[in-house]
Amino acid sequence: MRRVVTIAHAARAAHVLSAGVPSVAASARNAASATSTTAEPNNKARTVQLGAPNPFVVAPEPGAAVPSMQDLYWGTGPTTGGVCYGCGPANDKGLQLKSYVSAEEYDAATGAITTLEAIARFQPQPHHNAFPNVLNGGVIATLLDCHLNLLASYFVMRARSGPQATALPALTVTARFEMDLKRPTPMDEGPVCVWGRVDLAASDIAKGSVWLDAAMYAPSVAMQPDVSRADMKPTALARGRFVAPRAKA
């Protein structure tokens, strides 16, 4: 038996911040109660509601005043992930990718994570071109790598400290990253869509080793409310291994 986290973001429900933790609106709680079997984990990161088969259509717009995982967990100090070129909130010359948890499920009996996914939307700028109206492959790789790195850190936090954890124990780093470019990623359709998922079967939390998969989608493909992500054709696919320091005995 699993418990499923489903929390609406600001565009779908009103939130009240208390001690840095969003208070979920009643409508979101009611939606979650149909699938939750135990109390919801403590989610500082605003997560997108899973009522629709396509989470991209309810994700925050780029630049929206909705705290992302990077805003809440990376930090802004000179020695934190906040300075990252790809997703650091403190790097005003970087890409500043914003990632949001879109699926977080636990086994009700053991408390083990059974599903963990995140999504993001990113608006390319003219200087991100590879060719006219084609997003640069290096930018694509940076976005996918950063998205997975944050998700890996979040997974380590929850896997080691439980569903109530709200402080990252350590930043993960990329140990291996592979990408396949399937087709050109257009730049004139609006924000591109990024998806990531933890490969639980391949990951080893005791060793601090996390494997993840990622994909990028063109907005014309991803922003269709009645199309599930599994039916979308990606412009890029990636797989990576991220490592974190082992927990102290």
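## Exercises: strand β11, its salt bridges and helix α3

Arginine 239 is partly exposed, at a relative accessible area of 26%. Keep that residue in mind as you work through this predicted model.

**Exercise 1.** Find which residues meet Arg239 in salt bridges, and say where in the chain they sit.

*Solution.* Start with aspartate 199: its salt bridge with arginine 239 has the closest N and O atoms 3.0 Å apart. Aspartate 199 lies in the loop between β9 (192-198) and β10, whereas arginine 239 is in strand β11, 40 residues apart. Next, take aspartate 213, whose side chain meets that of arginine 239 at 2.9 Å, N to O. This time the partner is in strand β10, and the two residues are 26 residues apart. Put the two steps together and you get a salt-bridge network linking Asp199, Asp213 and Arg239.

**Exercise 2.** Work out which face of strand β11 Arg239 points to, and which strands pair with β11.

*Solution.* Walk along β11 (residues 236-243) and you'll see the side chains alternate. Ala236, Ala238, Gly240 and Phe242 point to one face and are buried. Arg239 points to the other face, along with Leu237, Arg241 and Val243, and these are not buried. Now look at the neighbours. Strand β8 (residues 173-181) pairs with β11 in the antiparallel sense over eight bridges, and glycine 240 is the bridge partner of phenylalanine 177. Strand β10 (residues 209-217) also pairs antiparallel with β11, over eight bridges; here phenylalanine 242 partners valine 210.

**Exercise 3.** Decide whether the two residues of the Lys98–Asp71 salt bridge are buried, partly exposed or exposed.

*Solution.* First the contact: the closest N and O atoms of lysine 98 and aspartate 71 are 2.8 Å apart. Lysine 98 sits in the loop between α2 (69-74) and β4 (99-107), while aspartate 71 is in helix α2, 27 residues away. For the accessibility, remember that buried means under 20% and exposed over 50%. Lysine 98 comes out at 22%, so it's partly exposed. Aspartate 71, at 34%, is partly exposed too. If you tally the salt bridges in the model, the count is six.

**Exercise 4.** Describe helix α3: its span, its surroundings and what is found at its start and after it.

*Solution.* Residues 137-161 give 25 residues, reaching 36 Å from first C-alpha to last, close to the 36 Å expected. Of those 25 residues, 19 are buried, so α3 is largely enclosed by the rest of the structure. At the start, a side-chain oxygen of asparagine 136 comes within 2.7 Å of the backbone nitrogen of glycine 138. After the helix comes glycine 162, with a positive phi near 95 degrees.

Notes
Residues are numbered from 1 along each chain as its sequence is written. This is a predicted model: local features need pLDDT of at least 70, side-chain atom pairs count only at pLDDT 80 or more; totals for chains, interfaces and linings use all residues. Side-chain values use heavy atoms; hydrogens and water are left out. Helices (H or I, at least four residues) and strands (E, at least two) are DSSP runs, numbered from the N terminus. The expected span of a helix is 1.5 Å times one less than its number of residues. Buried means under 20% relative accessible area, exposed over 50%, partly exposed in between (1.4 Å probe, protein chains only). A polar contact is a pair of N or O atoms within 3.5 Å; within protein, one must be able to donate a hydrogen and the other to accept it, and residues adjacent in sequence count only if both atoms are side-chain atoms. Two strands pair if DSSP finds at least two bridges between them. A salt bridge is a side-chain nitrogen of Lys or Arg within 4 Å of a carboxyl oxygen of Asp or Glu.
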